[in-house]
Amino acid sequence: MITTTKEQRRALGRVFSRTPLGIPYRAFRASVQPTFGCDGAICVQWQGMWLCIERDGYCHT
């Protein structure tokens, strides 16, 4: 599992709660991917797109 900040985990929770995905939260969190050269940001696939979540919790596509 990727190391995440508290703000990133909160953002993941908000993203997960937007729409039922049919998987448990832990499985969703386990699907998080690291980024390269993006200062600790993480990426997660959600609803056919990749979301990038910065260390401060800011989420964008």
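1. A good place to start is the pairing of S2 with strand S3 (residues 49-53): the two run antiparallel and are joined by five bridges. Within this pairing, Val44 stands opposite Leu51 in S3. Please keep in mind throughout that this is a predicted model.

2. The connection between these strands is worth a look too. S2 and S3 make a hairpin, with two residues between them. In the turn, Gln47 has a positive phi of about 50 degrees, in case you would like to inspect the backbone there.

3. On to the other partner of S2. Strand S1 (residues 33-34) also pairs with S2 in the antiparallel sense, here over two bridges. One contact to look up is Pro34, whose bridge partner in S2 is Ile42.

4. How much of S2 is covered? Four of the five residues in strand S2 (residues 42-46) are buried, so to speak a mostly covered strand. Ile42, which is found in S2, counts as buried because its relative accessible area is 3%, and the cut-off for buried is under 20%.

5. Ile42 also has a sequence-distant companion. Thr4 and Ile42 lie 38 residues apart in sequence, yet their C-alpha atoms are 7.9 Å apart in space.

6. Finally, a point about charge for your electrostatics. Lys6, Arg10, Arg14 and Arg18 form a positive surface patch. Of these, Lys6 is placed in helix H1, which covers residues 6-18.

Definitions and conventions. Residues are numbered from 1 along each chain as its sequence is written. This is a predicted model: local features need pLDDT of at least 70, side-chain atom pairs count only at pLDDT 80 or more; totals for chains, interfaces and linings use all residues. Side-chain values use heavy atoms; hydrogens and water are left out. Patches are made of residues with over 30% relative accessible area and no salt bridge: like charges are joined within 9 Å, nonpolar side chains (Val, Leu, Ile, Met, Phe, Trp, Tyr) within 5 Å. Accessible areas come from the Shrake-Rupley method with a 1.4 Å probe; for residues, only the protein chains shown count as cover. A salt bridge is a side-chain nitrogen of Lys or Arg within 4 Å of a carboxyl oxygen of Asp or Glu. Lys and Arg count as positive and Asp and Glu as negative; His and the chain ends are not counted. The place of a charge is taken as NZ of Lys, CZ of Arg, CG of Asp or CD of Glu. Buried means under 20% relative accessible area, exposed over 50%, partly exposed in between (1.4 Å probe, protein chains only). Two strands pair if DSSP finds at least two bridges between them.
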